[in-house]
Amino acid sequence: MNKFLQILLITLLISPLYAFGQSGEVADYNRFKSNPTVEGGIEFLTSHPGGYYYDTVSDSVSRMLSDRLNEFSIESDYNEALKYAKSKQAKRYVEDRISEARKAQKRYMKEYDSRQYASATGSEVTDSSGKSKRIKTGLFAIGGSFLMDYASKQYGIGSMLNLRLGSPNFIVNGVVGLRYMGTSLSDSAGEDQYTYNQLSVPAVLRFNFPGILGSGIYLGAGAAYNNNLSVSYNESLSDTSTEQTHGSINKSTYSVLGQVGIGGKTIDGNIFVQYDLKPVVAGEKKMFRVGFEIAWYFLRF
């Protein structure tokens, strides 16, 4: 009888406490449900371990944590979201968000690498919000040049259309072009004068030293094929101009080139030397000349 009374007394003492605990959990759960936050959910789980709503709240916390995942999330973020998932549905939801975050991270890293590459080799086009729309790598560039050259009793002026292969920030890149020069030179006696136009296809390999003097110094070496056109010969005594036959003019010639210059993505300037492997005018010894070139690359892609 005494044992029965003891059990009854204990039950009567515990029941209010249990009922109070249950009502406290319900109140906290309703509070969490009305304003679900990760912090509120973790506080509920700490206050009511093993409670009736424990798994439900824990699943909610896992979903909210997984919704925060993005391209900047790390492995510990993934593990934390999974830690709170109790049901199969919650685990599947978290795993799907983790998969999306990892894919977003791969996309971001790929775009980041492209942006880093573009900053070194070209320019980045952005919209009004600052987001990248299209990236110019600068691997290829088209530009125009103004050139002048000079040798003893010889001068020339012309222009060139350039195609640059490779960025000036690379250690090695190259330029090919289509050059048109008008040249005038006196003969060996200095009495009569030749005038001719020269259409050339030069190709130069450049060795760059980026970052020097703000843009970069380069050394270039190459060759050119020259086609000599519209040749005339002015005699000082008669002051007349006559067309020359191809016998006295080498119609096609080859040259070797050397350059030292400074330039960058858009503006480029160099001093060059050119040595003709055979003279334009047969019998003349003038085969070496020096000049300068200023180029503007107006299109990069």
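Visitor: What makes the meeting of Glu100 and Arg97 a salt bridge?

Guide: In this predicted model, the side chains of Glu100 and Arg97 come to 2.8 Å, N to O. A salt bridge needs a side-chain nitrogen of Lys or Arg within 4 Å of a carboxyl oxygen of Asp or Glu, so the pair qualifies. Side chains of opposite charge can pair when their charged atoms come close.

Visitor: How do you know that Glu100 and Arg97 are separated by about one helical turn?

Guide: Both sit in helix H5, and they are three residues apart there.

Visitor: Why is Arg97 called buried, and what is Glu100 called?

Guide: Buried means under 20% relative accessible area, and Arg97 has 19%, so Arg97 is buried. Glu100 has 44% relative accessibility; that falls between the 20% and 50% cut-offs, so Glu100 counts as partly exposed.

Visitor: How many salt bridges are there in the whole structure?

Guide: The search finds six. Among them is the one between Asp149 and Arg289, with the closest N and O atoms 2.7 Å apart. Asp149 lies in strand S3 (residues 140–151) and Arg289 in strand S11 (residues 288–300), so this pair ties together parts that are 140 residues apart in sequence. Asp149 and Arg289 are both buried.

Visitor: What parts of the chain does the pair of Asp268 and Arg206 tie together?

Guide: Their side chains meet in a salt bridge at 2.7 Å, N to O. Asp268 belongs to strand S10 (residues 267–276) and Arg206 to strand S6 (residues 193–210), so the parts tied together are 62 residues apart in sequence. Asp268 is buried, as is Arg206.

Visitor: On to the rings. How many aromatic pairs are there, and why is the pair of Tyr29 and Tyr53 called stacked?

Guide: The count comes to eight aromatic pairs. For Tyr29 and Tyr53, the centres are 4.0 Å apart and the planes differ by 10°. Pairing asks for centres within 6.5 Å and stacking for planes under 30 degrees apart, so the name fits. Tyr29 is in helix H1 (residues 2–34) and Tyr53 in the loop between helix H2 (38–47) and H3, 24 residues apart. Tyr29, at 13% relative accessibility, counts as buried, whereas Tyr53, at 21%, is partly exposed.

Visitor: And why is the pair of Phe72 and Tyr108 edge-to-face?

Guide: Their ring centres are 5.1 Å apart and their planes stand at 70°, which is over the 60 degrees needed, so the pair is edge-to-face. Phe72 lies in the loop between H3 and H4, and Tyr108 in helix H5 (residues 88–121), so the pair ties together parts that are 36 residues apart in sequence. Phe72 has 55% relative accessibility and counts as exposed, while Tyr108, at 26%, counts as partly exposed.

Visitor: How do you know that the charged end of Arg164 sits over the ring of Tyr297?

Guide: One part of the test is a distance within 6 Å of the ring centre, and here it is 4.3 Å. The other part is an angle within 35 degrees of the ring normal. Arg164 is listed as sitting over the ring, so both parts hold. The charged end of Arg63 also sits over a ring, that of Tyr93, 5.8 Å from its centre.

Visitor: Last one: why is Ser73 called buried?

Guide: Its relative accessibility is 6%, and the limit is under 20%, so Ser73 counts as buried. Ser73 lies in the loop between helix H3 (54–67) and helix H4 (75–83). A polar atom of its side chain lies 2.9 Å from the backbone nitrogen of Asn70.

Note on methods. Residues are numbered from 1 along each chain as its sequence is written. This is a predicted model: local features need pLDDT of at least 70, side-chain atom pairs count only at pLDDT 80 or more; totals for chains, interfaces and linings use all residues. Side-chain values use heavy atoms; hydrogens and water are left out. Helices (H or I, at least four residues) and strands (E, at least two) are DSSP runs, numbered from the N terminus. Buried means under 20% relative accessible area, exposed over 50%, partly exposed in between (1.4 Å probe, protein chains only). A polar contact is a pair of N or O atoms within 3.5 Å; within protein, one must be able to donate a hydrogen and the other to accept it, and residues adjacent in sequence count only if both atoms are side-chain atoms. Rings of Phe, Tyr and Trp (its six-membered ring) pair if their centres lie within 6.5 Å; planes under 30 degrees apart count as stacked, over 60 as edge-to-face and the rest as tilted.
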